[in-house]
Amino acid sequence: MDTVKKLNRHERYDGPACPVAATLELIDGKWKGSILFHLLGGTLRFNELRRLMCNVSHRVITKQLRDLEEAGLVHREVYPEVPPRVEYSLTPLGRSLEPVIRSLEDWGADLLGRDRPISSERAAE
């Protein structure tokens, strides 16, 4: 797989958790999961994506999108228009993460639906 060559934190991925480590390396970053989640709904222009991700700077979104594009998860389409139009969509590899992202969405919804915040649960232990 060509994407595996781009994984650079480790020379090799051995052991039972190596597929998890390789996957997390591609999607780690505070906002990458949110970007992938929003792109599950279809192609978005940069400002549409930015509006969906409140309180995230232009620079940070750009960096995260470039990383996802380099990993082969996001496709960037630039149209030669004035003003320039740029659209982002998931590649087939990015789309293959949909079950994972949906599972994270379900898990997070359950987590947020708890009666007590996590910090008070930890304090009670």
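Here are legends for four close-up views of this predicted model.

**View 1. The largest nonpolar core and its best-connected members.** This core has 22 residues, and Leu 36, Leu 65, Leu 73 and Val 74 are the ones touching the most other members. Several elements chip in: helices H2 (18-27), H3 (32-39), H4 (46-52) and H5 (58-70), along with strand E3 (85-90), each supply at least two residues.

**View 2. Leu 65 and the residues around it.** Let's zoom in on one of those well-connected residues, Leu 65. Leaving aside residues up to four places away in sequence, Leu 65 touches Ile 35, Phe 46, Leu 49, Val 74 and Tyr 88. Val 74 turns up again here, having already been listed with Leu 65 among the members that touch the most others.

**View 3. Helix H2 and the glycine that follows.** Which residues of H2 are buried? They are Cys 18, Ala 22, Glu 25, Leu 26 and Ile 27. A handy reminder for reading this view: an α-helix has 3.6 residues a turn, so residues three or four places apart point the same way. After H2 comes Gly 29, with a positive phi near 125°.

**View 4. Glu 87, a buried acid in strand E3.** Why does Glu 87 count as buried? Its relative accessibility is 16%, and the cut-off for buried is under 20%, so Glu 87 qualifies. The Glu 87 side chain makes polar contacts with two other side chains: Tyr 79 at 3.1 Å and Arg 85 at 3.0 Å. Not counting residues up to four places away in sequence, Glu 87 touches Thr 43, Leu 44, Arg 45, His 75, Arg 76, Glu 77 and Tyr 79.

Note on methods
Residues are numbered from 1 along each chain as its sequence is written. This is a predicted model: local features need pLDDT of at least 70, side-chain atom pairs count only at pLDDT 80 or more; totals for chains, interfaces and linings use all residues. Side-chain values use heavy atoms; hydrogens and water are left out. A nonpolar core is a set of buried Ala, Val, Leu, Ile, Met, Phe, Trp, Tyr and Cys residues joined through side-chain atoms within 4.5 Å. Buried means under 20% relative accessible area, exposed over 50%, partly exposed in between (1.4 Å probe, protein chains only). Helices (H or I, at least four residues) and strands (E, at least two) are DSSP runs, numbered from the N terminus. Contact means heavy atoms within 4.5 Å. A polar contact is a pair of N or O atoms within 3.5 Å; within protein, one must be able to donate a hydrogen and the other to accept it, and residues adjacent in sequence count only if both atoms are side-chain atoms.
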